[in-house]
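Here's a quick walk through a fold, from the overall layout down to a single side chain. Have a look at the model before reading on.

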Amino acid sequence: IEYRRRFLIFFLCGIFSMACAAAIPAWLNVPLMAALAAAFGAANAVVNSFLSATLATAVPQGLRGKVFSFIGTIAGGLTPLAFAAGGALAEVLPLRPLIAAAFVVTLFCFVPPAFSPPTRRLINFDPEADTLEAIR
């Protein structure tokens, strides 16, 4: 995928993946749920691949280990808190709407950075044509 089109694909896959994930709990038809889950997984893989590839390219080689370790630590540290919050909410709210709402919240958190020029420049970063100063 050419660098100048990456952000558009990144953004569309992000919206599509969260929409699929939010729609899964609305159905009781297992084949349909499996198809939505597969579509979510494929689109989410594109989003995560773009993020990882872009960060690996944009972060200086001497700092990559630190940056990726920091990201992993934050994600790993927030996971138990998310499970605890989800478990507490599941005690008082119906589970299917709660799961759908969680993905809708994720969707709403994903959209605002799309209107940020630095985010667009980061995802579209071409290491052969752009400089790191251009994305900062």
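How many helices and how many strands does the chain have? This is a predicted model, and its chain has six helices and zero strands, so the order along the sequence reads α-α-α-α-α-α. The C-alpha atoms fill a box of roughly 50 × 30 × 25 Å along the principal axes. Of the 136 residues, 22% are buried. Among contacts with a separation of 6 or more, 66% link residues 24 or more positions apart.

Let's zoom in on two spots, starting with α1. This helix covers residues 6–23, 18 residues in total, and spans 26 Å from first to last C-alpha, close to the 26 Å expected. Its buried residues include Phe-7, Phe-10, Phe-11, Cys-13 and Met-18. The cover over them comes from α2 (30–58), α4 (95–110) and α5 (117–123), among others.

Arg-6, also in α1, is the odd one to look at: Arg-6 is buried but has no salt bridge. The nearest side chain of opposite charge is Asp-126, 7.7 Å away, and the cut-off for a salt bridge is 4 Å, so that pair doesn't count. Leaving out residues up to four places away in sequence, Arg-6 touches Ile-1, Phe-50, Ala-53, Thr-54, Ile-123, Asn-124 and Phe-125.

The second spot is where α2 packs on α3 (residues 64–92). The crossing is right-handed, and the other details are below.

| Feature of the α2 and α3 pair | Value |
|---|---|
| Packing angle | about 145° |
| Distance between axes | 9 Å |

On the α2 side, Ser-52, Leu-55 and Ala-56 meet Arg-64, Phe-68 and Ile-71 of α3.

Key:
Residues are numbered from 1 along each chain as its sequence is written. This is a predicted model: local features need pLDDT of at least 70, side-chain atom pairs count only at pLDDT 80 or more; totals for chains, interfaces and linings use all residues. Side-chain values use heavy atoms; hydrogens and water are left out. Helices (H or I, at least four residues) and strands (E, at least two) are DSSP runs, numbered from the N terminus. The expected span of a helix is 1.5 Å times one less than its number of residues. Buried means under 20% relative accessible area, exposed over 50%, partly exposed in between (1.4 Å probe, protein chains only). Contact means heavy atoms within 4.5 Å. Lys and Arg count as positive and Asp and Glu as negative; His and the chain ends are not counted. Axes are lines fitted to C-alpha atoms, for helices over the stretch in contact, and angles run from 0 to 180 degrees between N-to-C directions. A crossing is left-handed if the near helix is turned anticlockwise from the far one by less than a right angle, and right-handed if clockwise.
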